[in-house]
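Here is a short tutorial on reading a model. Have the sequence and the coordinates open as you go.

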Amino acid sequence: MAGIDQVMLAVQPKEVVLKGNILRVGPLQSAIGARFDPFKSENLPNAFARIDKARARGETPEKAAISFESRYGALGYHTLVMRAGGKPVGGDPLDWVLAHAGAVRFALDLIMALDPGNNEILADFLKDRARYVKGTPTCDWEDDNLYGSFDVAIGASYGPHWFSRQIPPILGDRVEPVKGELVRSFAIAILAYLVTANTEGVRYCFREDGGRMTAYRSWDALIEVIWALVGDMAVSATEQDKRKGKLAHIRGCALCHTPFLAHHGRERYCPPPEGSKESLCGRTARMRKLRKPRS
Ligand SMILES: [Zn+2]
């Protein structure tokens with residue numbers, strides 16, 4: 001379905017309306033001089049996950065979803081539901097958008113908690129602090145199993161998904177000392193599952209480009225690109241030698257706590273959206289500081 005045309009995506013404000021709980025994106029405007037390859041926009045997962053924590057910035061999730069799609073376009077429920085043999089609804093259902101935002105946000109938080117040496121934080125995160133789309137997740141150690149039930153979004157659907165990992169029997173009676181590594185492998189298995197299940201339409205393609213052969217990734221729906229970028233972040237965060245000569249690392253925004261890829265020590269807030277130079281969270285934080293009465 002996707003071809004060379006879809007390698008590039010227009011980034012110009014589009015008209016998005018919320019009608020009957022469906023986000024409908026108006027016709028694309030001419031995008032001369034304002035195009036980007038979403039695969040090169042490494043902080044697209046951050047821009048999308050911010051919808052989930054919109055209230056931390058005094059914004060409703062509905063408004064945040066509209067402003068995301070106005071900038072980046074539709075997430076592609078249409079394509080995913082057609083591929084699954086379902087019926088399109090003329091746009092992205094708001095509940096579905098929010099479910100994916102919650103699941104991406106959960107994956108980013110999980111990647112951040114995977115930082116080596118923080119296996120206790122990771123265990124706490126999975127057991128107590130994880131709040132995804134809706135309901136209460138469970139994650140516990142019982143019967144030599146590490147298990148958890150999570151409400152996550154997969155493709156065109158969302159709901160509870162069950163994950164479990166068998167603890168090797170020989171370690172069963174001495175689970176405590178090895179808990180750290182087990183919880184890490186459990187967390188990575190969840191991430192691998194989520195990313196794989198959500199990137200079905202992402203493929204490697206090749207083309208001739210000025211006498212050279214170039215490779216690019218093609219995709220069916222923008223939400224798949226977001227998930228593929230989440231996968232790239234997880235791969236780089238779990239590299240064994242990540243401390244050596246690594247330029248980017250994952251950090252939480254000082255205002256809304258959404259994780260993002262930071263390239264230098266000064267970055268404190270969510271990076272600017274595509275086509276802008278200013279961090280939206282940075283601006284909100286600055287305005288709050290100005291408004292605060294001086295004592
Ligand atoms: Zn932020």
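The dialogue below takes confidence, strands, helices and backbone angles in turn.

Q: What is the mean pLDDT of the chain?

A: This is a predicted model, so start with confidence. The mean pLDDT of the chain is 79. In all, 76% of its residues reach 70 or more.

Q: Which elements have the lowest and the highest mean pLDDT?

A: Strand β1 (residues 9-10) has the lowest, at 52. Helix α1 (residues 44-49) has the highest, at 96. Look also at two stretches outside this ranking. Over residues 1-7 the pLDDT is below 50, with 13 contacts in the model beyond near neighbours in sequence. Residues 129-137 are also below 50, and that stretch has 23 such contacts.

Q: What is the strand order in the open sheet of 3 strands?

A: Read the order across the sheet, then find the edges. The order is β2-β3-β5, and the pairing is antiparallel. The edge strands are β2 and β5 (92-93), each pairing on one side only.

Q: How many bridges join β2 to β3?

A: There are 4 bridges between these antiparallel strands. For a residue-level check, find L18: it stands opposite L23 in β3.

Q: Which helix lies across β2 and β3?

A: Helix α2 (residues 61-72) does. It runs at about 140 degrees to β2.

Q: What span does helix α7 reach, and how many of its residues are buried?

A: Set the end-to-end reach beside the expected one. Helix α7 (residues 222-237) has 16 residues and reaches 23 Å from its first C-alpha to its last, close to the 22 Å expected. Of those 16 residues, 13 are buried, so α7 is largely enclosed by the rest of the structure.

Q: How many residues of α4 are buried?

A: The count is 18 of 20, and α4 is mostly covered. Helix α4 (residues 94-113) reaches 28 Å, close to the 28 Å expected at 1.5 Å a residue.

Q: What is phi of N21, and where is N21 placed?

A: Begin with the general rule. Most residues other than glycine have a negative phi. N21 has a positive phi, near 65 degrees. It sits in the loop between β2 (16-19) and β3 (22-25).

Q: Why does N21 count as exposed?

A: Because it has 12 C-beta neighbours inside 10 Å. The cut-off for exposed is 12 or fewer.

Q: Where is H257, and what is its phi?

A: H257 lies in the loop between β11 (249-252) and β12 (259-262). Its phi is positive, about 65 degrees, although H257 is not a glycine. H257 is partly exposed, with 14 other C-beta atoms within 10 Å.

Methods. Residues are numbered from 1 along each chain as its sequence is written. This is a predicted model: local features need pLDDT of at least 70, side-chain atom pairs count only at pLDDT 80 or more; totals for chains, interfaces and linings use all residues. Helices (H or I, at least four residues) and strands (E, at least two) are DSSP runs, numbered from the N terminus. Two strands pair if DSSP finds at least two bridges between them. Two residues are in contact if their C-beta atoms, placed from the backbone, lie within 7 Å. Axes are lines fitted to C-alpha atoms, for helices over the stretch in contact, and angles run from 0 to 180 degrees between N-to-C directions. The expected span of a helix is 1.5 Å times one less than its number of residues. pLDDT is the predictor's confidence in each residue, from 0 to 100.
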